[in-house]
Amino acid sequence: MKNLLPVLTLFIIACSGADDIVMTVNGPLDPAQLGTTLPHEHFLVDFIGADSTGYHRWNKDTVMAKVLPFLTEAREAGVTTIIECTPAFLGRDPLLLKRLSRQSGVNILTNTGFYGAFQNKALPEEAYTMTADEMAGIWIDEWENGIESSGIRPGFIKIAVPGDSLLSEVHEKLVRAAARTHLSTGLTINAHTGPDAPAFAELAILKEEGVDPSAFVWTHAQGGTPEGHLKMAAEGGWISLDNVMTDNIDQYVSMIANLKDHDLLNRVLISHDAGWYDVINPDSVDYRGHTAIFTHLKQALTAKGFTEDDWKLLTVTNPGEAYMVRVRKAE
Ligand SMILES: [Zn+2]
């Protein structure tokens, strides 16, 4: 019976018109099955740059040995799904993620897209010369046919723009390509951003392209202002407060409480942006675990008057809603 479940899930999904699923590295899932979800974490990152990175740079068994204890710790804290946000050319490894998912029992999502922060070091050279449609074509192909020959499909679009400048030509192109990929696939756009200015510049382009703000995740929104959070959330965008650590809890309580006070808790995503096996310094860089939200933040929010329903919204309902595969066109 157990082996029939994936087949049955696919059948139900096929009958329901293919929408309203979440795509994991092990295939589609009903969003109701995601459970407690961490929407922004990393298991492996390679900062060497797009011109030099590749699967030859790490040994999957060594990475598994390093990551699995942290994944087990997260599962024991109640986590059932992790959205792995490492993009292509920065250490994305779908087959590794599939093995980690199978061995830990945690659902994992991976992504398509290009990363334009980090001084563009993770951007492939051709990103500068191709058109937005050509770029979107690469990402749509990964959705339709899987990433490389892995057969594994992305669960969302991950892009990045620099936080310290206005969008340059290539960064604007990333946003347009993400918009067009969204309209063709229904994949949510997770954009590494930071401050208010680039976040609203991205939003303007998405609207111009006909994408509803609810398809946009403002990643690293903790780099923005409380006013910016309210404005974006009121537009329907997702506010991703994603660098929770044991020593910055008060800052997160205050940002989350601000959104709750304005009835916008239903637009908030919380995560650690933690990990990871660092390919350049595998032994000298500490791996940060994925549990501070459960060991520290929950208690602090409860003391501030947050209820179990609020907690469920933040950790279960919102991530499921944000990462549902569904085309969201602007009205
Ligand atoms: Zn990250």
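This is a short talk on a predicted protein model with a zinc ion, going from confidence to the metal site, the sheet, one helix and a few backbone details.

Hi everyone, and thanks for coming. First, the ground rules. Residues are numbered from 1 along each chain as its sequence is written. Because this is a predicted model, local features need a pLDDT of at least 70 and side-chain atom pairs count only at pLDDT 80 or more, while totals for chains, interfaces and linings use all residues; side-chain values use heavy atoms, with hydrogens and water left out.

Let's start with confidence. pLDDT is the predictor's confidence in each residue, from 0 to 100. The protein chain averages 94, and 94% of the residues score at least 70. Where does pLDDT stay under 50? That happens over residues 9-18, for which the model has 6 contacts beyond four places in sequence, a contact being heavy atoms within 4.5 Å. Where pLDDT is low, the predicted coordinates should not be read in detail.

Now the metal. Which residues coordinate the zinc ion? They are H40 and H42, each through NE2, and D273 through OD, at 2.0 to 2.2 Å. Donors here are N, O and S atoms within 2.8 Å of the metal (3.2 Å for Na, K and Ca), and water is not among the atoms, so sites may look incomplete. Along the sequence, the donor spacing is H-x1-H-x230-D. Are the two histidines buried or exposed? Buried means under 20% relative accessible area, exposed over 50%, and partly exposed in between, with a 1.4 Å probe and protein chains only. H40 counts as buried because its relative accessibility is 1%, and H42 is buried too, at 8%.

On to the sheet. Helices (H or I, at least four residues) and strands (E, at least two) are DSSP runs, numbered from the N terminus. Two strands pair if DSSP finds at least two bridges between them. With that in place, 6 strands form an open sheet in the order 7-8-9-10-11-12, with parallel pairing. Strand 7 and strand 12 stand at the edges with a single partner strand each, so one side of each has no neighbour in the sheet.

At one edge, strand 7 (residues 111-112) is joined to strand 8 by 2 bridges, and N111 has F156 as its bridge partner. Strand 8 covers residues 156-160, and 5 of its 5 residues are buried. In a regular strand the side chains alternate between the two faces of the sheet. In strand 8, F156, K158 and A160 point one way, while I157 and I159 point the other way. Yes, that lysine is on the buried list as well.

At the other edge, strand 11 and strand 12 pair over 3 bridges, in the parallel sense. S240 has L269 as its bridge partner in strand 12.

Inside the sheet, take V217 in strand 10 (residues 216-219). V217 counts as buried, since its relative accessibility is 1%. V217 and A191 are 26 residues apart in sequence, yet their C-alpha atoms are 6.1 Å apart. Beyond its neighbours within four places in sequence, V217 has contacts that include A191, W238, S240, L269 and Y323.

Next, helix 10, residues 308-322. How does its span compare with 1.5 Å a residue? The expected span is 1.5 Å times one less than the number of residues. For these 15 residues that is 21 Å, and the end C-alpha atoms are 20 Å apart, which agrees. There is also a bend of about 40° at L314, taken as the angle between axes fitted to the seven residues ending there and the seven starting there. The buried residues of helix 10 include W311, L314 and T315. Among the elements they pack against are strand 3 (37-41), strand 11 (238-241) and helix 9 (292-303). From the loop between strand 2 (27-29) and strand 3, T36 touches T315 and V316, among others. T36 counts as buried, at 18% relative accessibility.

Finally, some backbone details. Most residues other than glycine have a negative phi, and most peptide bonds are trans. Q119 has a phi near 50° and sits in the loop between strand 7 and helix 4 (132-145). Q119 is exposed, at 64% relative accessibility. E148 also has a phi near 50°, in the loop between helix 4 and strand 8. A cis peptide bond joins G275 and W276, with omega about -5°; W276 is in the loop between strand 12 and strand 13 (277-278).

That's my tour, and I'm happy to take questions.
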